[in-house]
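Welcome, and take a moment to turn the model around before reading on. Here is a short tour for anyone meeting this protein for the first time.

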Amino acid sequence: MSADRVAVVTGASRGAGKGIALALGTTGATVYVTGRTEVEGAAPLPGTVYATAEEISARGGTGIPVVCDHAEDEQTAALFDRVERAHGRLDILVSNAFIVPDELVDPGPFWRKPLAMQRMFDVGLRSSYVSGYYGAPLLTRSPAGLLVHTSAFGGMCYMHGPAYGAVKAGVDKMAHDMAHDLRPHGVAAVSVWMGLLRTERTEAVLAAGNERYGKLAGLAESPEFTGRVIAALADSPDRMAYSGRVLVGAELGEELGVLDVDGKAPVSNRRFLAPPPEYSSVVVD
């Protein structure tokens with residue numbers, strides 16, 4: 001990936017966002033890292049926007065931390081204003097910001113979980129639209145713009161309940177429709193399904209002895225794998241051929257020759273969980 005690329009990764013204090021940001025930074029890119037956590041210990045899990053940015057710079061990229069609550073539209077707008085003033089364009093936007101309620105993986109029907117589960121609609125679904133809204137004009141100024149929504153198999157199978165599933169299905173379809181509007185400008189838009197990731201949260205769940213996920217731990221991907229796949233897609237001469245699609249990260253990695261940090265190729269969960277959706281080509285303006 002070109003070292004002068006400019007990327008924004010939302011929700012990158014930890015987890016998938018951090019891994020994606022680090023992988024993009026390793027290519028030498030300038031990566032804007034957003035998140036709410038400024039000070040270590042302020043959140044239940046480790047990680048801050050500053051720590052992620054520092055590691056990006058240590059790897060040869062340029063990490064720029066931006067404290068941003070993506071539930072607040074004006075903060076998101078200010079983020080992209082800053083990118084525009086500094087660079088005049090944006091090459092890669094990864095919409096990854098997401099609120100994970102503590103009760104998300106609790107068993108039981110949705111009506112026995114807190115109504116606050118709907119916060120995922122705000123930071124997860126709605127925030128992806130808002131980031132795309134403000135980021136799209138800058139992506140159209142890139143010679144090879146790429147917009148990515150991070151998603152999961154929960155968009156096509158029952159996973160953690162209806163709120164989670166609706167968010168994942170929503171960002172998938174949103175990427176497809178954004179691709180239609182962005183195509184005339186040479187900007188690709190995709191949704192990437194990640195597998196189980198070895199994040200700080202997953203490690204905490206496994207350490208607590210959650211047997212539901214223990215059997216899957218051996219199949220988990222590193223948080224950086226998705227970032228490596230995104231970097232390879234940005235470089236692919238067939239980038240626009242993927243636009244508008246929902247892609248399984250493990251399958252896309254195989255197609256593009258991408259390995260995880262351990263040198264292995266992650267396995268697709270398509271057979272066990274679900275295939276990605278295929279949308280109609282009909283356009284109604």
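The report below begins with the whole protein and then visits one residue.

Please keep in mind that this is a predicted model. The chain folds into nine helices and seven strands. Its C-alpha trace spans about 45 × 45 × 40 Å along the principal axes. Why does a radius of gyration of 18 Å agree with a compact globule? For 285 residues, such a globule would have a value near 19 Å, so the 18 Å of the protein fits.

Of these 285 residues, 52% count as buried. Among contacts with a separation of 6 or more, 73% link residues 24 or more positions apart. On the outside, the protein exposes about 13000 Å², and carbon and sulfur atoms supply 54% of that area. As for charge, there are 26 positive and 33 negative side chains, with the centres of the two sets 3 Å apart.

Now let us visit Arg 14. You will find Arg 14 in the loop between β1 (6–9) and α1 (15–26). Two distances for its side chain are listed here.

| Side chain | Partner | Distance |
|---|---|---|
| Arg 14 | side chain of Thr 37 (polar contact) | 3.1 Å |
| Arg 14 | backbone oxygen of Pro 46 | 3.0 Å |

Which residues does Arg 14 touch, not counting those up to four places away in sequence? They are Thr 37, Ala 43, Leu 45, Pro 46, Gly 47 and Glu 200.

Technical notes
Residues are numbered from 1 along each chain as its sequence is written. This is a predicted model: local features need pLDDT of at least 70, side-chain atom pairs count only at pLDDT 80 or more; totals for chains, interfaces and linings use all residues. Side-chain values use heavy atoms; hydrogens and water are left out. Helices (H or I, at least four residues) and strands (E, at least two) are DSSP runs, numbered from the N terminus. The radius of gyration is taken over C-alpha atoms; the globule rule is 2.2 Å times the number of residues to the power 0.38. Buried means under 20% relative accessible area, exposed over 50%, partly exposed in between (1.4 Å probe, protein chains only). Contact means heavy atoms within 4.5 Å. Accessible areas come from the Shrake-Rupley method with a 1.4 Å probe; for residues, only the protein chains shown count as cover. Lys and Arg count as positive and Asp and Glu as negative; His and the chain ends are not counted. The place of a charge is taken as NZ of Lys, CZ of Arg, CG of Asp or CD of Glu. A polar contact is a pair of N or O atoms within 3.5 Å; within protein, one must be able to donate a hydrogen and the other to accept it, and residues adjacent in sequence count only if both atoms are side-chain atoms.
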